[in-house]
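Hi there,

Here is the structure I promised to pass along. Please have a look at it first, and then read my notes below.

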Amino acid sequence: QGRDGSARLANKIQAAEDRRAKALQVKLPIDAVGDKAARVEALKASDNEKAAELLAKNTEKLSEAADRRTAVLDEKSNKIAVKAQANAKRLENQKATADIATSH
């Protein structure tokens with residue numbers, strides 16, 4: 001009967017070890033899934049940072065292009081204003097000439 005008792009105890013110990021090993025096998029994939037999820041989140045964060053940097057660079061390029069375009073338009077506007085002033089002066093001179101001609 002002593003042998004039977006020690007055999008049963010050995011079987012119980014073996015069954016407990018088997019359950020523990022099985023539990024570890026289940027736990028490892030769960031940990032791996034957790035690790036994978038953490039890596040995915042890290043990659044997403046990295047991608048978001050890269051996207052933000054790219055957006056900032058593109059915004060800066062667009063802003064520079066807008067500044068250049070504004071400078072070109074300002075220059076054209078100034079040229080038009082100078083021509084308008086010259087035309088106004090010329091018309092003023094023509095009117096003065098016409099006034100002199102009609103007064104004689």
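**Notes on the model**

Asp-99 and Lys-95 sit 4 residues apart in helix α1, so about one helical turn separates them. The two residues form a salt bridge, with 3.3 Å between the closest N and O atoms. As for their surroundings, Asp-99 is partly exposed at a relative accessible area of 39%, while Lys-95 counts as exposed at 52% relative accessibility.

Before I go on, please keep in mind that this is a predicted model.

Now for the overall picture. The protein chain has 1 helix and 0 strands. Its radius of gyration is 44 Å, well over the 13 Å that the globule rule gives for 104 residues, so the chain is more spread out than a compact globule. You can see this in the C-alpha trace too, which spans about 150 × 15 × 10 Å along its principal axes. The helix in question, α1, covers residues 2-103.

How much of the protein chain is buried? Buried residues account for 0% of the 104 residues; the cut-off for that label is a relative accessible area under 20%. The protein chain exposes about 9500 Å², and carbon and sulfur atoms supply 59% of that area.

Next, the charges. The protein chain carries 21 positive and 16 negative charges, and the mean positions of the two sets are 5 Å apart. Side chains of opposite charge can pair when their charged atoms come close. How many salt bridges are there? The count comes to 3, and the pair I opened with, Asp-99 and Lys-95, is one such bridge.

Another joins the side chains of Lys-44 and Glu-41, at 3.6 Å from N to O. Both residues lie in helix α1, 3 residues apart, which is about one turn of the helix. Lys-44 is partly exposed, with a relative accessibility of 44%, and Glu-41 is also partly exposed, at 47%.

Then there is the bridge between Glu-75 and Lys-79, where the closest N and O atoms are 3.7 Å apart. Here, too, both partners belong to helix α1; they are 4 residues apart, about one turn of the helix. Glu-75 has a relative accessible area of 48% and is partly exposed.

To sum up, you have a predicted model with 1 helix and 0 strands, 0% buried residues and 3 salt bridges.

Happy to talk it through whenever suits you.

Best wishes

How values were computed. Residues numbered from 1 in each chain as written. Predicted model: local features only at pLDDT ≥ 70, side-chain atom pairs only at ≥ 80, totals over all residues. Heavy atoms only, no water. Helix = DSSP H or I, 4+ residues; strand = E, 2+ residues; numbered from the N terminus. Rg over C-alpha atoms; globule rule 2.2 N^0.38 Å. Buried < 20%, exposed > 50% of the residue type's maximum accessible area, 1.4 Å probe, protein only. Areas by Shrake-Rupley, 256 points an atom, 1.4 Å probe, with all protein chains shown as cover. Lys, Arg positive; Asp, Glu negative; His and termini not counted. Charge placed at Lys NZ, Arg CZ, Asp CG, Glu CD. Salt bridge = Lys/Arg side-chain N within 4 Å of Asp/Glu carboxyl O.
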